[in-house]
Amino acid sequence: MTSRSRLAPRDDVALMDGYHSPQVDVKVRLNTNEAPTPPPPSFTERLAEEVKRIEWHRYPDRAAGALRAAIASLHGVRADQVFVANGSNEVLQTLCLTYGGAGRHVAVFEPTYALHSHIARITGTGVAVGERNDDFTLDMDEVRRVLSDVSPAITFLCSPNNPTGLVETESTVRAVVDLAPGLVVVDEAYGQFAPWSALALVDDERALVVTRTYSKTWSMAAARLGYLVGPSWLVAELEKVVLPYHLDTFKQVAGVVALDYRAEMDARVASLVEERGRLTARLGELPLDVWPSGANFVLIRSRLVDGNVLWQQLLDRSVLVRNCASWPRLDGCLRITVGTPEEDDALLAALEEVLA
Ligand SMILES: *Cc1c(COP(=O)(O)O)cnc(C)c1O
């Protein structure tokens, strides 16, 4: 390799770490909070029919009209309040490109979803980090301090929060919206599992957006589809920034068809919530700290075994969970996705063996 082939990237990119989440071939995969089962067979059959009608030689509908209308009707809002993209991560990136950038800041309150700060940095936006209380709730004095320090263009919340599982209360979200000088983003990737949603607070008079994804509850992580609901004036700005024809026709069709299976999705959410209760109770019988979760995952910490060691011992038994043990503020923690009862039993058996 000649030295010329080794071009230096942007200075800030050179200093960055990439996104790390090992994809390992194991029997029991409980590391990325996907749905444990595929969509209903009738969904796949109907989608196959719809795919036959796609005009493959034509660019997609740039406005994704049918999909936005379907999402709008799901949430009882107008289609011009909906922005769709390739996963909610692309929604977050478009928000940072539009409202962040050089000389601007986002605010995050750790521990929270690592990609909020990562995506902000990629877009050249400064990141102001606030600390949460020891029980992972928001400290409103700290929120005030960070917001007045940097006057962030975007303040990120995540409810239920990944990786802690904590659901922000409505009064907390309202208080942050009242304090924030710029946009407030409530990332509700796991919103369907929680007892309330900030979607009810969205209107054209409030600088608040709620992001959602098809990756988790809709059993469609393979499709990469996400969206936000927010003020129509904000959606219009995002449309200027996102690449033309960014959302392919196949994905638009899949997103519309999926919403016809809402009852099935609700039933899956209900059974996952029940399974979360069972898993949490069983974990509570082991020598573990277990945090209450409003999502489809549970954060734990062993009182006996080092977190990295425990993670490896589970992997040795073909059970993959998310290793947060070395993440700041999450010393020794592992995050476990709620799986099928069989998968969760395999995890519990492995944990019992290791911790015995
Ligand atoms: C999984 C996850 C996402 C990613 O969603 P995609 O739609 O798959 O990009 C966004 N936010 C949080 C908090 C998540 O955990």
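A pocket, in this presentation, is an open set of grid points, taken over the protein atoms alone, with protein on both sides within 12 Å along at least five of seven lines. A molecule counts as sitting in such a pocket if more than half of its atoms lie within 2 Å of the grid points. With that in place, good morning, colleagues. The structure before you is a predicted model.

I begin with the ligand. The space that the ligand takes is the largest pocket. This pocket has a volume of about 1500 Å³. Its lining is made up of 49 residues, and those nearest the centre of the pocket are Tyr 19, His 20, Ala 114, Leu 115 and Arg 322. Four elements each give two or more residues to this lining: helix 4 (88-99), helix 5 (114-122), helix 11 (307-316) and strand 11 (319-323). Helix 5 supplies the largest share, with 5 residues. By residue class, the lining of the largest pocket holds 20 nonpolar, 18 polar and 11 charged residues.

I turn next to the immediate surroundings of the ligand. There are 13 residues around the ligand, and Ser 88, Tyr 190, Thr 213, Ser 215 and Lys 216 come nearest. This shell comprises 4 nonpolar, 6 polar and 3 charged residues.

Which atoms of the ligand do the polar side-chain atoms of Asp 187, Ser 215 and Lys 216 approach? For Asp 187, the partner is a nitrogen atom of the ligand, at 2.7 Å. For Ser 215, a polar side-chain atom is 2.6 Å from an oxygen atom of the ligand. For Lys 216, the partner is likewise an oxygen atom of the ligand, and the separation is 3.3 Å. As to burial, the ligand taken alone exposes 390 Å², of which the protein buries 93%.

I now leave the pocket for the enclosed spaces. Rolling a probe the size of a water molecule over the atoms shows where empty space is left. Across the whole structure, the search finds 2 cavities of 30 Å³ or more. The largest cavity contains about 80 Å³ of space. Among the residues that line the largest cavity are Pro 39, Pro 40, Phe 43, Trp 218, Ser 219 and Arg 268. Helix 10 (residues 262-284) gives the most to this lining, namely 3 residues. The lining of the largest cavity divides into 7 nonpolar, 2 polar and 2 charged residues.

Ser 219, one of those lining residues, also deserves attention for its backbone. What is the phi of Ser 219? The angle is positive, at about 55°, although Ser 219 is not a glycine. The residue is located in the loop between strand 7 (208-213) and strand 8 (226-229).

Finally, I come to the peptide bonds. Most residues other than glycine have a negative phi, and most peptide bonds are trans. Against that background, the bond from Glu 110 to Pro 111 is cis, with omega near 0°. Pro 111 is placed in the loop between strand 3 (105-110) and helix 5, the helix that gives the largest share of the pocket lining. The bond from Ser 159 to Pro 160 is also cis, with omega near -10°. Pro 160 belongs to the loop between strand 5 (154-158) and helix 7 (170-179).

Thank you for your attention.

Definitions and conventions
Residues numbered from 1 in each chain as written. Predicted model: local features only at pLDDT ≥ 70, side-chain atom pairs only at ≥ 80, totals over all residues. Heavy atoms only, no water. Near = heavy atom within 4 Å. Polar contact = N/O pair within 3.5 Å; in protein donor to acceptor, adjacent residues only side chain to side chain. Areas by Shrake-Rupley, 256 points an atom, 1.4 Å probe, with all protein chains shown as cover. 1 Å grid on protein atoms, 1.4 Å probe; cavity = no way out; pocket = protein on both sides within 12 Å on 5 of 7 lines; lining within 4 Å. Nonpolar A, V, L, I, M, F, W, Y, C, P; charged D, E, K, R; others polar. Points joined across faces, edges and corners; volume = space filled by probe spheres on them.
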